[in-house]
Amino acid sequence: LRYYTSKQDHENKAFQRGLVRLEDVEHLEELEDRIVMGVRGHEKPLEMVTENVDEKRQWIQALTPVLRKHLSSSQVQVQDEDASGPSAQKNIAESSNTVGVET
């Protein structure tokens, strides 16, 4: 997963800020306006800010099958699409919203 300082940097093919192997993701949490990933070897978590909720859901759906392979269900917290509020969180093992990831 390549990441950039800003959307403009990505669009302009500017220098990427870093590269994260998905195998190094130790924790993922879906918040209202972003996705937060704890990454092995990184002092601070990586925060992925999306343009809108639909874009965020697409990322969660794409990451789900990949992360499910090496994280326990307690390490991934995602929002239930059919509910809202704190009780709407469910773990990735319970999520049925999965799609493939193209590389």
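Strand β5 gives the most to the lining of the largest pocket, supplying four residues. This pocket belongs to a predicted model, and its open space comes to about 860 Å³. A total of 23 residues line the pocket, and those closest to its centre are Arg2, Tyr3, Tyr4, Met48 and Val49.

Several parts of the chain come together around this space. At least two lining residues come from each of β1 (2–3), α1 (7–11), β4 (34–39), β5 (46–49) and α2 (53–68). The chemical make-up of the lining is mixed: nine of its residues are nonpolar and nine are charged, while five are polar.

It helps to place the pocket within the chain as a whole. The fold is built from seven strands and two helices. Read from the N terminus, these elements follow the order β-α-β-β-β-β-α-β-β. In this order, a strand opens the chain and a helix comes next; four strands then lead to the other helix, and two strands close the series.

The overall packing and surface complete the picture. The chain has 103 residues, of which 32% are buried, meaning that they have under 20% relative accessible area. Among contacts with a separation of 6 or more, 41% link residues 24 or more positions apart in the chain. On the outside, the chain exposes about 7,000 Å², and 45% of this area is supplied by carbon and sulfur atoms.

Key:
Residues numbered from 1 in each chain as written. Predicted model: local features only at pLDDT ≥ 70, side-chain atom pairs only at ≥ 80, totals over all residues. Heavy atoms only, no water. 1 Å grid on protein atoms, 1.4 Å probe; cavity = no way out; pocket = protein on both sides within 12 Å on 5 of 7 lines; lining within 4 Å. Points joined across faces, edges and corners; volume = space filled by probe spheres on them. Nonpolar A, V, L, I, M, F, W, Y, C, P; charged D, E, K, R; others polar. Buried < 20%, exposed > 50% of the residue type's maximum accessible area, 1.4 Å probe, protein only. Contact = heavy atoms within 4.5 Å. Areas by Shrake-Rupley, 256 points an atom, 1.4 Å probe, with all protein chains shown as cover.
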